[in-house]
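Reader: I would like to go through the pockets and cavities of this model, and then one helix. Could you begin with the terms?

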Amino acid sequence: CSAGKGRFPGIIDLFGSGGGLCEYRASLLSGHGFAVLALAYFRFEDLPEYLSDVRLEYFEEALAFMLQHPKVKGPNVGLLGFSKGGDLCLSMAAFLRNVTATVLINACVANTIAPLCYKDLFVPDLGCDLTKQKTMESGLLDLVDIWNNPLEEPNHQSLIPLEKAQGPLLFIVGMDDHNWRSELYAHIACGRLQAHGKDRPQIIYYPETGHYIDPPYFPPSRASVHSVLGEAVFHGGEPRAHSRAQVDAWQQIQTFFQRYLNGEKPVERSKI
């Protein structure tokens, strides 16, 4: 979706392991001068029901579709990914061409949930230990400790070579994320890029903010039924701080894309 006549900077928008087609963020972003493709990758129409066989060629086709679209001003596009969609965006930025700016909302630096294939490349998934999940007093599950450490030797193969990304990266981090350790993953990304002589990524930390950082004025999503586990899980976040983070992050995302996709002046910051 895009607003108005002419050609606009293109963005591909990916959500997480809930699957389906989530268009609300793309729709809102298109009102700010971008051509945005909300891309479903499972649990929608003729796509697989479960996230088990992820081929990067599918996302490469989406990139090619955007670049030939009459509404999209090339020669590159931006990526916006949340949760599992974030590590897919990192993989796209690392392995595919024509990506110039990538925004990651509470994303992992390793490939998660399902193996990733691309031509003769195979990236295993990070893996987890469900015995490490905790049940809170409320009855909700806390999953923050279940994920394997991507820096430990057996898990190195799942790390995404983000130093291969062409353009800048912006990590948006909720410091009270209870789905996984988003703050740690941003630190790992920073260290890896520096070790390869690359510029540090931009990282914005939001205290008391949970996993689901939506656009402004969406009610903070502190818990939901997990699409894979089928049980209610806790996402974290203190409502007031989380709501303020959603307002600020939305401005930061627009500023980042306007700077690196459009070369325009930053948007005026909200006073909230």
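Author: On a 1 Å grid over the protein atoms alone, a pocket is an open set of points with protein on both sides within 12 Å along at least five of seven lines, whereas a cavity is a set where a 1.4 Å probe fits but cannot get out; lining residues have an atom within 4 Å of a point. Grid points are joined across faces, edges and corners, and a volume is the space filled by probe spheres set on the points. The model is predicted: local features need pLDDT of at least 70 and side-chain atom pairs count only at pLDDT 80 or more, while totals for chains, interfaces and linings use all residues. Residues are numbered from 1 along each chain as its sequence is written, and side-chain values use heavy atoms, with hydrogens and water left out.

Reader: What volume has the largest pocket, and which residues lie nearest its centre?

Author: The largest pocket has a volume of about 320 Å³. Its lining has 21 residues, and Gly16, Ser17, Gly18, Ser83 and Tyr212 lie nearest the centre.

Reader: How does that lining divide by class?

Author: The lining of the largest pocket has 10 nonpolar, 11 polar and no charged residues. Here Ala, Val, Leu, Ile, Met, Phe, Trp, Tyr, Cys and Pro count as nonpolar, Asp, Glu, Lys and Arg as charged, and the others, Gly among them, as polar.

Reader: And the second largest pocket, what lines it?

Author: The second largest pocket, of about 230 Å³, is lined by 15 residues, with Gly167, Pro168, Leu169, Asp199 and Arg200 nearest its centre. Its lining has eight nonpolar, three polar and four charged residues.

Reader: Turning to cavities, how many are of 30 Å³ or more?

Author: There are two cavities of 30 Å³ or more. The largest holds about 60 Å³, and its lining includes Asp13, Phe15, Gly16 and Tyr41. The second largest holds about 50 Å³; among its lining residues are Arg25, Asp214 and Trp250.

Reader: Now helix H4: which of its residues are buried?

Author: Helices (H or I, at least four residues) and strands (E, at least two) are DSSP runs, numbered from the N terminus. In H4, the buried residues (under 20% relative accessible area, 1.4 Å probe, protein chains only) are Ser182, Tyr185, Ala186, Ile188, Ala189, Cys190 and Leu193.

Reader: Against which strands do they pack?

Author: The buried residues of H4 pack against strand E10 (169–174) and strand E11 (202–206), where contact means heavy atoms within 4.5 Å. After H4 comes Gly197, with a positive phi near 75°.

Notes
Buried means under 20% relative accessible area, exposed over 50%, partly exposed in between (1.4 Å probe, protein chains only).
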